[in-house]
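Visitor: I'd like to learn how to read a structure like this one. Could you take me through it feature by feature?

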Amino acid sequence: MSSRLVEQIGAHSAAGASASALSMQIRALILDGRLTVGERLPSERALAAELRRSRSTITRVYDLLEANGYALRLHGGGTLVALPHAPGALPPVDGATKAIDLSIASMDSTPGLYDATVRSLPRLAAMRGTSGYSLQGLPELRDAIAQRFTQRGAPTSADQIIVTSGALNGMNLVLATIGRRGARALIEQPTFPHAIEALRRHGYRMLPTPVDVGGWDPLHLMDLLLRARPHVGYLIPDFHNPTGASLTDESRSRIAATARSAGTRLIVDETTAELDIDRGWTPSPLAAHSPQIISIGSMSKIAWGGMRLGWIRAERDLVDRLLAVRPSFELGTALLEQCIAIELLDDMPSLSAHVTSRLRAGRAAVATGLDAISGLQMPPTPGGLSAWLDLGAPVSTQLSLAARERGLVLPPGPRFATGGVLDRRLRIPITLPPERTRAAIDRLRLAWEDVCEGSVAHAGELPRATVI
């Protein structure tokens with residue numbers, strides 16, 4: 001079996017790489033968090049055998065990592081991952097330049113958040129005589145969430161809703177309740193990185209199915225369901241993160257029916273479902289096509305990331321099971337956030353209009369910036385959090401490293417996948433204010449130029465005509 005390091009690097013991409021390029025790839029994995037500080041790296045002999053490279057090449061790779069502070073060799077104890085700077089610190093950037101972080105695709109708070117908070121206070125004050133615990137969530141909030149599902153085409157009652165402390169919290173509650181260690185899980189590739197981590201933490205083996213800006217391959221997805229019969233599947237059908245694609249109603253119906261036949265419980269992430277700019281059509285929630293589908297949602301993308309409030313929509317018997325498990329790690333969701341959410345959901349038209357306006361401005365700023373970068377182009381992005389760029393060559397990891405040197409935190413494409421693939425892809429958030437986006441894209445341009453100049457000299461992966 002391949003070591004985790006080889007799976008992350010990819011044996012194919014390592015085949016012709018120099019020792020310097022290999023050390024840079026490993027450094028990128030460390031900086032991106034895919035290799036953790038203190039983790040033991042394979043022995044030089046084992047890594048050389050796995051990559052089919054000479055022992056001297058791998059020795060040189062580890063020498064470079066150690067010289068730059070990214071590895072620690074212990075006499076008789078192997079080689080450990082390290083960092084050359086304080087825990088949590090970014091690599092140095094130019095002078096006193098403050099880093100721009102593109103690893104978080106989220107907008108700042110809606111202008112109505114303050115007023116909604118003020119309006120919520122009498123509601124909160126009225127609850128002072130209660131215990132303050134809210135295991136399933138306030139009835140009025142659950143009713144508002146259920147009504148929103150119903151309006152979108154999936155009839156829902158309040159007793160099908162559990163209010164959670166964010167969507168990821170909801171997913172972990174679902175996996176803690178129905179999870180099966182060692183079972184298979186279908187996931188999209190690319191997908192939300194923390195969902196991959198959650199599934200791994202609960203012991204699942206990944207079965208990826210491809211998604212791109214043009215959408216899914218429904219035949220591949222359904223064939224995978226029927227052949228492998230995974231225990232669970234995790235899908236983002238609306239404004240997929242990071243590609244921005246949306247499943248058609250026809251595909252939703254067929255996938256839901258196939259999953260039911262395969263015995264697969266679909267966990268549908270709807271955190272991006274309300275982030276429409278100009279899709280031009282409105283599909284029904286995937287949950288409208290099967291009662292067995294579990295939906296998770298959140299206020300973080302439409303209101304503010306600081307509002308740690310989400311929800312689960314499921315069948316009533318599963319809701320009972322979820323509520324039985326929840327007290328083992330959480331006794332409910334904060335009441336203040338719930339009271340604020342009631343106020344915000346009461347005026348969804350205003351909230352949606354703000355989201356659309358902000359995303360449209362962010363998308364335009366990214367498109368304008370990319371127009372000035374030779375070799376990069378804005379893909380179709382009808383909504384969602386980000387643009388999913390095709391770099392034309394597997395240089396995303398190199399670009400991520402170069403971007404850090406330019407004061408830009410930019411997760412490479414493999415961060416959104418399993419097994420180190422998608423190194424020719426890059427996610428650019430469209431959620432920042434335009435002026436911040438312009439500054440970020442300007443730094444991206446400089447990093448891109450750095451990579452283009454260096455890649456010809458190193459690996460020849462980018463033909464000069466492609467990028468200049």
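Guide: We'll go through helices, strands, cores and a few backbone oddities in turn. Keep in mind that this is a predicted model.

Visitor: Let's start with a helix. How many residues does helix 7 have, and how far does it reach?

Guide: Helix 7 covers residues 139-152, which makes 14 residues. From its first C-alpha to its last it reaches 20 Å, close to the 20 Å expected at 1.5 Å a residue.

Visitor: Which residues of helix 7 are buried?

Guide: A residue counts as buried under 20% relative accessible area and as exposed over 50%. By that cut-off, Leu141, Arg142, Ile145, Ala146, Phe149 and Arg152 are buried in helix 7. Look down the axis of the helix and these buried residues fall within an arc of 135°, so they line one face of helix 7. On the other side of the helix, Pro139 and Gln151 are exposed.

Visitor: What covers the buried residues of helix 7?

Guide: The cover includes strand 5 (161-164), strand 11 (294-298), strand 12 (310-313) and helix 13 (335-345). Just after helix 7, look at Gly153, which takes a positive phi of about 115°.

Visitor: And helix 8: is it mostly covered or mostly open?

Guide: Mostly covered, as 10 of the 12 residues in helix 8 are buried. Among them are Ala167, Asn169, Met171, Leu173 and Ile178. Helix 8 runs over residues 167-178 and reaches 16 Å from its first C-alpha to its last, close to the 16 Å expected.

Visitor: On to strands. What holds a sheet together?

Guide: Strands of a sheet pair through backbone hydrogen bonds, either parallel or antiparallel. For a parallel case, take strand 6 (residues 184-189), where five of six residues are buried. Strand 6 pairs with strand 7 (residues 205-212) in the parallel sense over six bridges, and in strand 7 the bridge partner of Glu188 is Thr209. To get from strand 6 to strand 7, the chain crosses through helix 9 (residues 193-201), and this β-α-β crossover is right-handed. Strand 6 also pairs in the parallel sense with strand 9 (residues 232-235), over three bridges. There, Ala185 has Val232 as its bridge partner.

Visitor: Where can I find antiparallel pairing?

Guide: Try strand 5 and strand 12, which pair in the antiparallel sense over four bridges. Val163 has Trp311 in strand 12 as its bridge partner. Strand 11 also runs antiparallel to strand 12, and four bridges join them; here Ser298 is partnered by Gly310. Both faces of strand 12 are covered: Gly310 and Ile312 are buried on one side, Trp311 and Arg313 on the other.

Visitor: In the open sheet of three strands, what is the strand order?

Guide: The order is 1-3-2, with antiparallel pairing. Strand 1 (40-41) and strand 2 (71-74) are the edge strands, as each pairs on one side only. Strand 2 and strand 3 (residues 78-81) share four bridges, and Ala71 has Val81 in strand 3 as its partner.

Visitor: Now the interior. How many residues does the largest nonpolar core have?

Guide: It has 60 residues, and those with the most contacts inside it include Leu141, Met299, Leu344 and Leu444. Apart from it lies another core of 27 residues, among them Ile162, Ala185, Ala195 and Leu318. Leaving aside neighbours within four places in sequence, Leu344 is in contact with residues including Thr110, Leu113, Met299 and Leu351.

Visitor: What about backbone oddities?

Guide: Most residues other than glycine have a negative phi, and most peptide bonds are trans. A cis peptide bond joins Gln189 and Pro190, with omega about 10°, and Pro190 is found in the loop between strand 6 and helix 9. Another cis bond joins Asn241 and Pro242, with omega about 20°. Pro242 sits in the loop between strand 9 and helix 11 (249-262).

Visitor: Which sign does phi take at Phe239, positive or negative?

Guide: Positive, near 50°. Phe239 lies in the loop between strand 9 and helix 11 and is buried, with a relative accessible area of 0%. Arg229 has a positive phi too, of about 45°. Arg229 is in the loop between helix 10 (218-228) and strand 9, and its relative accessible area of 46% makes it partly exposed.

Methods: Residues are numbered from 1 along each chain as its sequence is written. This is a predicted model: local features need pLDDT of at least 70, side-chain atom pairs count only at pLDDT 80 or more; totals for chains, interfaces and linings use all residues. Side-chain values use heavy atoms; hydrogens and water are left out. Helices (H or I, at least four residues) and strands (E, at least two) are DSSP runs, numbered from the N terminus. The expected span of a helix is 1.5 Å times one less than its number of residues. Buried means under 20% relative accessible area, exposed over 50%, partly exposed in between (1.4 Å probe, protein chains only). A nonpolar core is a set of buried Ala, Val, Leu, Ile, Met, Phe, Trp, Tyr and Cys residues joined through side-chain atoms within 4.5 Å. Contact means heavy atoms within 4.5 Å. The arc is that of the directions from the helix axis to the C-beta atoms. Two strands pair if DSSP finds at least two bridges between them. A crossover is right-handed if, with the strands pointing away from the viewer, the path from the first strand over the helix to the second runs clockwise.
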